[in-house]
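The following exercises are intended for a reader meeting this structure for the first time. Please attempt each task before reading its solution.

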Amino acid sequence: MNQTHADYRLSQLDQLEAESIHIFREVAAEFEKPVLMFSGGKDSIVMLRLAEKAFYPAKIPFPVLQVDTGYDFPEVLATRDNWVNRLGLRLIVASVEEALKNGVVVDDGKTSRNRHQIGTLLNAIEEEGFTAAFGGGRRDEEKARAKERVYSHRDEFGQWDPKNQRPELWSLYNGRLHAGEHMRIFPISNWTELDVWHYIGREGIEIPSIYFSHQRSVFERDGMLLTESEFNPCKPGEEASERTVRFRTVGDLTLTGCVESTASTIDEIIDEIAVARLTERGATRGDDRFSEAAMEDRKKEGYF
């Protein structure tokens, strides 16, 4: 029989929030130089809100890092700037464009800007000397992310070995590092897409407007609806049209698809996701469709 007094029981969201806040505080205490990887998407915004709560009334004690492909949605960048300015954070922008110009990554004419983020990110971590980098990965998103620990070790080359991870029994985390290594930290690993949206609704969190239903010029490619833009023109045989859509995830606009939807409120989005048969990455991220192991291959090389 459960003897816990009702006043001391936590809801599922409160339990998830408490776990994530604990992880943020552990990392801040244990690692010399952490950073929060911040895309301006819903997951990284929820992480920023959790970090804000973890250290309130003090400021968040680490900077935020965005890897900019040059093809980001303007609405996402605007929301990113609003959060950074409101919280008084240091924003570091690691530009793929600059990395290409400086020879940090090499453009072979075939590789997407999204994949060029790997070398750009690893270079920024090395230059700044970061020892821990918070990421917004969740285990429900994709098979490779389901394998990830909360503390995910990266070797001196920034690479991840899924077969050589550290045990995390009883939520005890091993943050020991050798010179040149760093750790990726995933505070919302145990959250689902629905948890994220319920939390956004409960906390009244500002997110980019493109997560809600709106009119957009799109075309179909590889079973996805992509945004027509100067960076992403239609190919022969493709035709753009105005549709009522929204985005479930955000990233490189040349690879991030949207879904037809009339959901214009948090509650309507929650109702829509509750019956969805595909995760947001599986439904709308072109970079995950190159192969069955596309995400795992990128993560091994140093991806988010």
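## Exercise 1: A salt bridge and its surroundings

Arg138 is buried, with a relative accessible area of 0%. The model examined here is a predicted one.

Task: Determine which partner Arg138 meets in a salt bridge, and whether Asp140 counts as buried or partly exposed.

Solution. Step 1: the side chain of Arg138 forms a salt bridge with that of Asp140, at 2.9 Å from N to O. Step 2: buried requires a relative accessible area under 20%, and exposed requires over 50%. Step 3: Asp140 has a relative accessibility of 28%, so this residue counts as partly exposed. Step 4: Arg138, at 0%, is therefore buried.

## Exercise 2: Helix α2

Task: Check whether the span of helix α2 agrees or disagrees with its number of residues, and state how many of its residues are buried.

Solution. Step 1: helix α2 covers residues 42-55, which is 14 residues. Step 2: the expected span is 1.5 Å times one less than the number of residues, which gives 20 Å for α2. Step 3: the end C-alpha atoms of α2 are 20 Å apart, so the two values agree. Step 4: of the 14 residues, 13 are buried, and α2 is therefore largely enclosed by the rest of the structure.

## Exercise 3: The nonpolar cores

Task: Identify the residues that touch the most other members of the largest nonpolar core, and the element that gives the most to this core.

Solution. Step 1: the largest nonpolar core holds 57 residues, and those touching the most other members are Phe24, Leu36, Leu48, Ile185, Trp191 and Trp197. Step 2: several elements each supply at least two residues of this core, including α1 (12-30), α3 (74-87), β6 (182-185) and α8 (266-274). Step 3: helix α2 gives the most, with 8 residues. Step 4: at least three residues of this core come from each of domain 1 (12-196 + 294-301) and domain 2 (209-287). Step 5: leaving aside residues up to four places away in sequence, Leu48 touches Leu36, Phe38, Ile60, Val64, Trp83, Leu87 and Leu89. Step 6: there is also a second, separate core of 12 residues, with Met37, Ile125, Phe130 and Ala133 among them.

## Exercise 4: An open sheet

Task: Give the order of the strands in the open sheet of 4 strands, and name its edge strands.

Solution. Step 1: the order is β8-β7-β9-β10, and the pairing is antiparallel. Step 2: β8 (224-227) and β10 (259-260) each pair on one side only and are the edge strands. Step 3: β7 (residues 214-221) pairs with β9 (residues 241-246) over 5 bridges in the antiparallel sense. Step 4: His214 is placed opposite Val245 in β9.

## Exercise 5: Salt bridges across the chain

Task: Explain which parts of the chain are linked by the salt bridges Glu17 to Lys53 and Arg221 to Glu238.

Solution. Step 1: the whole structure contains 19 salt bridges. Step 2: the side chains of Glu17 and Lys53 meet at 2.6 Å, N to O. Step 3: Glu17 lies in helix α1 and Lys53 in helix α2, 36 residues apart, and the pair links distant parts of the chain. Step 4: Glu17, at 11% relative accessibility, counts as buried, whereas Lys53, at 25%, is partly exposed. Step 5: in the second pair, the closest N and O atoms of Arg221 and Glu238 are 2.8 Å apart. Step 6: Arg221 is in strand β7 and Glu238 in the loop between β8 and β9, so this salt bridge ties together parts 17 residues apart in sequence. Step 7: both Arg221 and Glu238 are buried.

Definitions and conventions: Residues numbered from 1 in each chain as written. Predicted model: local features only at pLDDT ≥ 70, side-chain atom pairs only at ≥ 80, totals over all residues. Heavy atoms only, no water. Buried < 20%, exposed > 50% of the residue type's maximum accessible area, 1.4 Å probe, protein only. Pairing = 2+ DSSP bridges. Core = buried A, V, L, I, M, F, W, Y, C linked by side-chain atoms within 4.5 Å. Domains from an automatic or database assignment. Contact = heavy atoms within 4.5 Å. Salt bridge = Lys/Arg side-chain N within 4 Å of Asp/Glu carboxyl O.
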